[in-house]
Amino acid sequence: MNLKAFHVVFVILATALSAVIGLWSVGAYRAGSGTIYLVLALGSLLTVVALGAYGAWFLKKTKDVDYL
């Protein structure tokens, strides 16, 4: 696995983890927990958007580099 493939996998895993944390935080906030969970949810969901944009930019920038 070269550096590009590792990077793509790492960005996908980070995005998925941020999405799970964001959804879990929304659930905790809706269950009556404190406002900190709402802040955590917003931060996590913003991270998902940022990582998605970064992943698209990275794939566009490295389109000439093979995965193997």
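**Note on a predicted two-helix model: packing, rings and surface**

1. Trp-57 is partly exposed, with a relative accessibility of 47%. The residue sits in helix 2. Its C-alpha lies 12 Å from that of Val-11, although 46 residues separate Trp-57 and Val-11 in sequence. Note that this is a predicted model.

2. Trp-57 also takes part in a ring cluster. Ring pairs join Trp-57 to a group with Tyr-54 and Phe-58. Across the whole structure, the search returns four aromatic pairs. One of them is Phe-6 with Phe-10, a stacked pair. The ring centres of Phe-6 and Phe-10 are 6.3 Å apart, and the planes meet at 20°. That pair counts as stacked because its 20° angle falls under the 30 degrees cut-off.

3. The setting of the stacked pair is local. Phe-6 and Phe-10 both belong to helix 1, which covers residues 3–30. They are four residues apart, about one turn of the helix. Phe-6 is partly exposed, at 48% relative accessible area. Its 48% lies under the 50% limit, so Phe-6 is not classed as exposed.

4. Both Phe-6 and Phe-10 recur in a surface feature. They belong to a nonpolar patch together with Met-1, Leu-3, Val-9 and Leu-13. The accessible area of the patch is about 720 Å² in total. Leu-3 is a helix 1 residue. Leu-3 counts as exposed, at 68% relative accessibility.

5. Now Phe-58, another member of the ring cluster. Phe-58 is in helix 2. Is Phe-58 buried or exposed? It is buried, with a relative accessibility of 15%. Setting aside residues up to four places away in sequence, Phe-58 touches Lys-4, His-7 and Val-8. Its C-alpha is 9.8 Å from that of Val-11, with the two positions 47 residues apart in sequence numbering. Lys-4, Val-8 and Val-11 are among the buried residues of helix 1.

6. Helix 1 deserves a check on its length. It has 28 residues and spans 40 Å between its first and last C-alpha atoms. That is close to the 40 Å expected at 1.5 Å a residue. Within the helix, Ala-19 and Ala-5 are 14 residues apart along the chain, and their C-alpha atoms are separated by 21 Å. Ala-19 is partly exposed, with 25% relative accessibility.

7. Which residues of helix 1 are buried? They are Lys-4, Ala-5, Val-8, Val-11, Thr-15, Ser-18, Gly-22, Ser-25 and Ala-28. These buried residues pack against helix 2.

8. Helix 2 gets the matching check. It has 27 residues and reaches 39 Å from first C-alpha to last. The expected value at 1.5 Å a residue is 39 Å, and the helix comes close to it. Its buried residues are Ala-41, Ser-44, Leu-51, Gly-55 and Phe-58. Helix 1 is part of what covers them.

9. Two serines show the contact between the helices in detail. Ser-18 is placed in helix 1, and Ser-44 in helix 2, residues 35–61. Ser-18 is buried at 13% relative accessibility. Ser-44 is buried at 8% relative accessible area. Leaving out neighbours within four places in sequence, Ser-18 is in contact with Ser-44, Thr-47, Val-48 and Leu-51. On the other side, with residues up to four places away excluded, Ser-44 touches Ser-18, Ile-21 and Gly-22.

10. Thr-47, one of the contacts of Ser-18, is also in helix 2. What is its exposure class? Thr-47 is partly exposed, at 33% relative accessibility. The C-alpha atoms of Thr-47 and Ala-16 are separated by 10 Å, and the two residues are 31 apart along the chain.

11. In brief, the points to look at are these. Buried residues of helix 1 pack against helix 2. Ser-18 and Ser-44 are in contact. Phe-58 touches Lys-4, His-7 and Val-8. Tyr-54, Trp-57 and Phe-58 form a ring cluster, while Phe-6 and Phe-10 stack and belong to the nonpolar surface patch.

Terms used:
Residues are numbered from 1 along each chain as its sequence is written. This is a predicted model: local features need pLDDT of at least 70, side-chain atom pairs count only at pLDDT 80 or more; totals for chains, interfaces and linings use all residues. Side-chain values use heavy atoms; hydrogens and water are left out. Rings of Phe, Tyr and Trp (its six-membered ring) pair if their centres lie within 6.5 Å; planes under 30 degrees apart count as stacked, over 60 as edge-to-face and the rest as tilted. Buried means under 20% relative accessible area, exposed over 50%, partly exposed in between (1.4 Å probe, protein chains only). Contact means heavy atoms within 4.5 Å. Patches are made of residues with over 30% relative accessible area and no salt bridge: like charges are joined within 9 Å, nonpolar side chains (Val, Leu, Ile, Met, Phe, Trp, Tyr) within 5 Å. Accessible areas come from the Shrake-Rupley method with a 1.4 Å probe; for residues, only the protein chains shown count as cover. A salt bridge is a side-chain nitrogen of Lys or Arg within 4 Å of a carboxyl oxygen of Asp or Glu. The expected span of a helix is 1.5 Å times one less than its number of residues.
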